[in-house]
Amino acid sequence: MFGCLVAGRLVQTDAVQVAGDKFVFSLPDYEKVNHVVVFMLGTVPFPAGVGGAVYFSFPDPAGGQVWQLLGFITNDKPSAIFKISGLKAGEGGAHPFGMVSAASQQAGSVAQVGVSVEALDQLSQQTPVSAASVSTVDSFMHFTQKMLDNLYNFASSFAVSQAQMTPNPSETFIPSSCILKWYENFQRRMTQNPNFWKN
């Protein structure tokens, strides 16, 4: 019914059914995983009015499990990508898995991804951990914005008024208004077309 995919690895379709409506995938070497995709195989749809809440659990040598809600999948949204590299062990909330039996827990660096079949009304009221959502901001645009801010702040830290300037024939001075104008133009162009710099 469900599949789980990590980049560079084979697709997992061997979820262990731990209860009538609960399925768990093992995720070995989870420390090397940034994102996980959970999807419906397309062979069996959800019954009307239900979907699947997707959870993540870190391995816990103490025996207690902490599950974190990542999001959900439904017949209308049969797949989802979740960022797990930003999650923190020990943080989590209410979950429907209880304690997965010790036989299904694995030693070492094996985490678990769980799917719990629940009513759509119940899914819509749950709040996933914010660190699990995939960023909608392009990382290049985010980097560029930070770089622009840093350059402007750095250059502005050396600003002096014309009265404070000491004549120095070997030094070239650029008015801060030029840097500000360049900064604003670059921001505007990035907003209009993030790839403008490639031309």
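Where is Thr-74 found? Before I answer, let me say that what we have on the screen is a predicted model, and that I will go through one loop residue, then one strand, and then the pocket.

Thr-74 is found in the loop that lies between strand S6, residues 67-73, and strand S7, residues 79-83. Although we are in a loop here, Thr-74 counts as buried, because its relative accessibility is 10% and the cut-off for that class is under 20%. If we set aside the neighbours within four places in sequence, Thr-74 is in contact with Met-40, Phe-46, Gly-51 and Leu-120. There is also a local detail inside the loop region that you may want to look at on the model, namely that a polar atom of the Thr-74 side chain lies 3.2 Å from the backbone nitrogen of Asp-76.

That brings me to strand S5, which covers residues 50-57 and is mostly covered, with seven of its eight residues buried. How many bridges join S5 to strand S8? There are eight, and the two strands, S8 being residues 110-119, run antiparallel; to give one pair as a landmark, Val-50 has Ala-119 as its bridge partner in S8. S5 is also joined to S6 by six bridges, again in an antiparallel arrangement, and here Val-54 stands opposite Gly-71 of S6. As a general reminder while you follow the strands, the side chains of a regular strand alternate between the two faces of the sheet.

Let me now move to the largest pocket, whose volume comes out at about 460 Å³. Its lining consists of 16 residues, and those that lie nearest the centre are Ala-155, Phe-158, Ala-159, Phe-173 and Ile-174. By class, the lining residues divide into ten nonpolar and six polar, with no charged residue among them. Which helices each supply at least two residues of this lining? They are helix H2, residues 139-156, and helix H3, residues 176-192, and it is H2 that gives the largest share, three residues.

Finally, staying with helix H3, I would point you to Leu-180, which has its place in that helix. With a relative accessible area of 30%, Leu-180 is classed as partly exposed, because that value falls between the 20% and 50% cut-offs. Leu-180 and Tyr-152 are 28 residues apart along the chain, and yet their C-alpha atoms are separated by 7.2 Å.

Terms used:
Residues are numbered from 1 along each chain as its sequence is written. This is a predicted model: local features need pLDDT of at least 70, side-chain atom pairs count only at pLDDT 80 or more; totals for chains, interfaces and linings use all residues. Side-chain values use heavy atoms; hydrogens and water are left out. On a 1 Å grid over the protein atoms alone, a cavity is a set of points where a 1.4 Å probe fits but cannot get out, and a pocket is an open set with protein on both sides within 12 Å along at least five of seven lines; lining residues have an atom within 4 Å of a point. Grid points are joined across faces, edges and corners, and a volume is the space filled by probe spheres set on the points. Helices (H or I, at least four residues) and strands (E, at least two) are DSSP runs, numbered from the N terminus. Ala, Val, Leu, Ile, Met, Phe, Trp, Tyr, Cys and Pro count as nonpolar, Asp, Glu, Lys and Arg as charged, and the others, Gly among them, as polar. Buried means under 20% relative accessible area, exposed over 50%, partly exposed in between (1.4 Å probe, protein chains only). A polar contact is a pair of N or O atoms within 3.5 Å; within protein, one must be able to donate a hydrogen and the other to accept it, and residues adjacent in sequence count only if both atoms are side-chain atoms. Contact means heavy atoms within 4.5 Å. Two strands pair if DSSP finds at least two bridges between them.
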